[in-house]
Structures are given as structure tokens and as C-alpha cells.
Amino acid sequence: MTKNTSRVQQGNAPLQKAPRRGFRVATLAAAFSLFALYVAWHEAHGPGAPRNDELPILQARADDASQPANAAPAATAAASDLVKRGEYLARAGDCVACHTADKARPFAGGLAINTPVGTIVTPNITPDPDTGIGQWSDADFLRAMHEGIGKGGARLYPAFPYVEYTKVTDQDVLAIRAYLKTLTPIHYAPPRNSLTFPFNLRWLMVFWNLFNFTEGRFVPDPKQSAEWNRGAYLIEGLAHCEECHTPRNFMQGLKSSSRFSGAVQAGWHAFNITPDKNSGVGNWHDDELVSYLSSGAAPGRANAAGPMAEVVTDSTQYLAREDLGSIVKYLRAVPPISGGEARARDQWGNPANDVAALRGTAINAVNGAQLFVANCATCHNWTGEGVGASAPGAYPSLIHNTAVGASDANNLALVILHGVNRTTKRADVLMPAFGSQLTDDQVAALTNYVTRQFGNPRSAVTVEQVAKLRSQQ
Ligand code: HEC
Ligand code: HEC
Ligand code: HEC
């Protein structure tokens, strides 16, 4: 990563290093000079404006489509159906991922989310009346999901993806609510946020919203197929893929001109997933994308590690095939965006043939090839070709692997530091973490050997970059 070859990297580098003062000045400028604009906007979009909740979005039904939308089964059966549907939708929205810090306390919050302006801690959303949302009304819950406003009227921070959840129908939000009500209440008050001034002032989000948020339910596009619309409803709404895959503007809002073109968060590069052939996933077959989302592996192309492994583990593996198909259909149709790559990240690399040359060489603690043979070859083979081909739980080939062939080596270094941990119905996938065994210069040497040999030889990391990646959570 010495050279920031990808556009995404360049787009984000100033963001991460941006002096906080820049943010502050911009936000205050927005605050003071645009109040009038906000008032005008509020007039137009306020409660008087027509709502589209009532639109019959039949194609958006995420559970078994066999049941007619307006059937009226017995009350209890209907209630349990509602809860089941709510559970499914809560998975599609991946609520558990952010609202769980300790697996023994699911949905009780406490997860610290690092933002450029401080730390936001997720709240408890179990039905506990004191520390959770047990005293919330359905209207409170709808307002939080649709408008980003908490009980009592406080503005919520957009680390909670209400920018997307606003698209979800009332019916589906209330199904999630019905499911959350069935959870065991957990009495736990998460630690408070620690945000720098002025970002600790929640009301400032009014201005953030003005530029970066459009309240309103999903409106199907009649010119598109039912499948596309269903995919759009899921991706633009609950699945919130863009929170990671779309770059952000200086206010940390999603850049609508470069949707899905990739972004870096806490060091991890959520790759460009537009249909561009070299920079995105244009060469993938539909069923490879479905397989990646349902199992975390698309053999010969990619494996899901880090935040994407969590998305697969907690969310996408549970989605019905039909819904995954719709997601892929929609993703296929977004405009392709090139990041300037000349070759797809899953099209790099050759098997190694240097094991013979290594024989008899003096052991050197920071020799990438030796470190590879000592630490990685038992599973990935000294040639890098892996073991077990495409069987579930196989040790993948590092040749034609997107983390190794990407235009920056962030994800590869992070995979070496933290390993891979993914639990699916298909397999428990585990690659050990090497962070505690290898020093920063060893991780850098290993990363650079792996990209040179099996991937994109132009992506390299420095020891300082590894140290920085190690310190990010
Ligand atoms: C990407 C992380 C993330 C995901 C995914 C997420 N949330 Fe949250 N949520 C947050 C954060 C952060 C806050 C707190 C925001 C703040 O303090 O202003 C929050 C706040 C809330 C609140 C307000 C609670 C309160 O006490 O004020 C509710 C309700 C909520 N989330 C429900 C959900 C539901 C339901 C889902 C799934 C459909 C979900 N969240 C998914 C991060 C997330
Ligand atoms: C929490 C952040 C996050 C969210 C949400 C997220 N992704 Fe990802 N995604 C990533 C990261 C990080 C990677 C790279 C993983 C790796 O290198 O192993 C990735 C990788 C991918 C890849 C593989 C690209 C490649 O070339 O290897 C696809 C496809 C993908 N994501 C699709 C999606 C879709 C569809 C959604 C929404 C349902 C989604 N992602 C939601 C972070 C996220
Ligand atoms: C004990 C076996 C084992 C060892 C040792 C091991 N790996 Fe892995 N590796 C795995 C497994 C399992 C996966 C994930 C497979 C999957 O996703 O289905 C994986 C995945 C990967 C990936 C793909 C990650 C992605 O996001 O696409 C890379 C790159 C990788 N390993 C590199 C290495 C390197 C470099 C070393 C040596 C430091 C190493 N591995 C050591 C088992 C191992």
C-alpha cells in the first residue's frame, strides 16, 4: 500500500487523516448558514408531505411467498408468523452484529463503534424496561428506524443505519419489533459515547440529515422486474451493504455518485462490488455471488474475512435463495465504476516454485518466503495452491484470490493478523490469527511475499502500515 493505486484509497485517505478541525468548521458552517434552508426543506418534507407506506410492495415480502399477503389466518398463527418474519428481517438487517458486544448478551448493545469523531456505543435493544427498549411504543420504534430519532426526541447518530432503514415498510419494521419483544430482556446499561465537541451535540444531526439523509419508504420502480425491486428493497434498506461498500463524503455521508465502488473502514477494504470487470465483480457468475453471500466462499475468487465474514455469519447466510438471487440481480444492474485497475483482483498470481531454492538458505526471521513455508504452507501448500479445492472448509488457493490480488494489501495483512473466523450452516471456517506470533516486520515481509508471488505484485505494505492496521479495531 505504499502507492495508493486505487481510487477508493485516494478517496478515503484524506478522510482518515482529515484534521478534525476541517470537520468542525464544515459542520459549524453548515449549522449557522443553512438553518433557513432546513426550515424550507422541512416544510416540503415534513409530516404534511405524502407518505408512501401504503404502497403494496408485494415483491418485498422477504419470507415464503406462498402465503398471500392479505390472508387472515388464526390470530395466534398470525402472531407467530409475524415473529418469524421479524426474526428473518432482523437477520437481513443484521441488528445483532452491532447490538452485541458479548455473545452471552445478544442485542444488549455495548459495542464500541469508532468514528473519525469519537466512539459511539450501541444501545441495548432487548425488551428490558430500564436499560433496553421495553418501554418504547411501536410509534417510538418506527420513528427511530425511519427518522433516526430516539425516544424523547433525541437525534440518533448515523452509525445506526437509519439512512437505509428509512426505506423499510411500516409492516416490516413492526415485524422486527414483534420479534425483538420476544427476546429475553437483559438488564445491562452500555457505557456512554465519547465524542468530541461539537459532535457530542445530537441536534447537529439535523444538518447532517439535511445533506445526507432522505426520509421515506422504498418506492418500487414499475419499469423494473419484481426481482430487481425486491433486491433494491433489501439492499437499499435492511441489508445496508452501502454502509461499507460505498465511499463517504467529507461529512461521512454516503457518496451517491460512487455507490458500491468500495471504501475502507477500520483498515478493511470493502471492495468495489459494481459490475465493472476489472475493479468490481463483473466477471463473477451470479451463482458465485450467491455462494459467496450464503457461505462466504466463492472458490477460485474470494473468501469472506473480517467484517464481511460477520455479515455472512449473522445475516446473508440466512437469506432465502430467492432473496439472494434478487440481491445479485440488483447488484448486477448498478452502474459499473472503475477504480483504474487494469486487471481483476481475482486474476493474479502463479504457483510458487521457490521451495527448492530455499533449501539450505540461512534462516532469517524476516524472510517472506521462509515465513510462508513455516507458517502458511501446511494449509495453503508451499505452492500457494491450497488444499481441498472447493470442498466446504477447504484451505483456499491464494492464487486468484481477491484479498491477495487487490490493489492494496490491507485485507491480506489483516487476515494474517486476525485469521478468518466464519460460522455457517455449511462449515465452521477457521484460519488461526498470527498477530501474537509475528512481529510487524514479519507480517509486512510475509504480506509482501504473498502479494508478489500469488497476487498483485504492486501492492505492498510497510512495517508502519502493519503497525497501524494492528492498532485498528
Ligand atoms: C452498523 C451498526 C448497526 C446496525 C446494523 C444496527 N444498529 Fe441499531 N444502532 C446502532 C447505533 C450505533 C445506535 C446508537 C446511535 C446513537 O447513539 O445515536 C443504534 C440505535 C438503535 C436504536 C435506538 C435505541 C435507543 O436506545 O436510542 C434502535 C431502536 C435500534 N438501533 C434498532 C436497530 C435494529 C432493529 C436493527 C436491525 C434492523 C439495528 N438497530 C441495526 C448501530 C446499529
Ligand atoms: C460491515 C461492512 C460490510 C457490509 C455491511 C457488507 N460488506 Fe461486503 N465486504 C466487506 C469487506 C471488508 C469485504 C472484503 C472481505 C475480504 O477481503 O475477505 C467485503 C467483500 C464483499 C464481496 C467480495 C468482493 C471480492 O472481490 O472479494 C462481495 C460480493 C460483497 N462484499 C457483497 C456485499 C453485499 C451484497 C452486502 C450487503 C448484503 C455486503 N457486502 C455488506 C464489508 C462489508
Ligand atoms: C490451519 C490452516 C491455515 C493456516 C496455517 C493458514 N491459513 Fe490462511 N486460510 C485458512 C482457511 C480455513 C481460510 C478460509 C477459507 C474460507 O474462507 O473458506 C484461509 C484464508 C486465507 C486467505 C483468504 C482471505 C480472504 O479474505 O480472501 C488468505 C489470503 C490466507 N488465508 C493467507 C494465509 C497466510 C499468508 C498464512 C500464513 C501466515 C495462512 N493463511 C495460514 C487456513 C489456514
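A polar contact is a pair of N or O atoms within 3.5 Å, and this cut-off is used in the second of the views below, all of which show a predicted model.

**View 1. The shell of residues around ligand 1.** In this predicted model, ligand 1 sits in the second largest pocket, where 23 residues surround it, the closest being C95, C98, H99, Y157 and R202. Sorted by character, the residues of this shell comprise 16 that are nonpolar, five that are polar and two that are charged. Two helices, α5 (95–98) and α6 (138–147), each supply at least two residues of the shell.

**View 2. Polar contacts of ligand 1.** The backbone of Y157 takes part here, with one of its polar atoms 2.7 Å from an oxygen atom of ligand 1, a distance that lies within the 3.5 Å allowed for a polar contact. Side chains are involved as well: an N or O atom in the side chain of R202 is 2.6 Å from an oxygen atom of ligand 1, while an N or O atom in the side chain of H99 is 2.9 Å from a nitrogen atom of the ligand.

**View 3. The iron atom of ligand 2.** The protein contributes H245, through its NE2 atom, and M308, through its SD atom, as donors to the iron atom of ligand 2, and these donors lie 2.0 to 2.3 Å from the iron. H245 belongs to helix α11 (residues 242–245) and M308 to helix α13 (residues 306–314), so that the pair, 63 residues apart, links distant parts of the chain. The arrangement around the iron atom of ligand 2 is octahedral because its six donor atoms subtend angles of 87 to 179°.

Methods:
Residues are numbered from 1 along each chain as its sequence is written. Chains are lettered from A and ligands numbered from 1 in the order in which they are written. This is a predicted model: local features need pLDDT of at least 70, side-chain atom pairs count only at pLDDT 80 or more; totals for chains, interfaces and linings use all residues. Side-chain values use heavy atoms; hydrogens and water are left out. A residue is near a molecule or strand if one of its heavy atoms lies within 4 Å of it. A polar contact is a pair of N or O atoms within 3.5 Å; within protein, one must be able to donate a hydrogen and the other to accept it, and residues adjacent in sequence count only if both atoms are side-chain atoms. On a 1 Å grid over the protein atoms alone, a cavity is a set of points where a 1.4 Å probe fits but cannot get out, and a pocket is an open set with protein on both sides within 12 Å along at least five of seven lines; lining residues have an atom within 4 Å of a point. A molecule sits in a cavity or pocket if more than half of its atoms lie within 2 Å of its grid points. Helices (H or I, at least four residues) and strands (E, at least two) are DSSP runs, numbered from the N terminus. Ala, Val, Leu, Ile, Met, Phe, Trp, Tyr, Cys and Pro count as nonpolar, Asp, Glu, Lys and Arg as charged, and the others, Gly among them, as polar. Donors are N, O and S atoms within 2.8 Å of the metal (3.2 Å for Na, K and Ca); water is not among the atoms, so sites may look incomplete. Four donors count as tetrahedral if all angles lie between 85 and 135 degrees; four count as square planar and six as octahedral if opposite donors are over 155 degrees apart and all others between 65 and 115; anything else is irregular.
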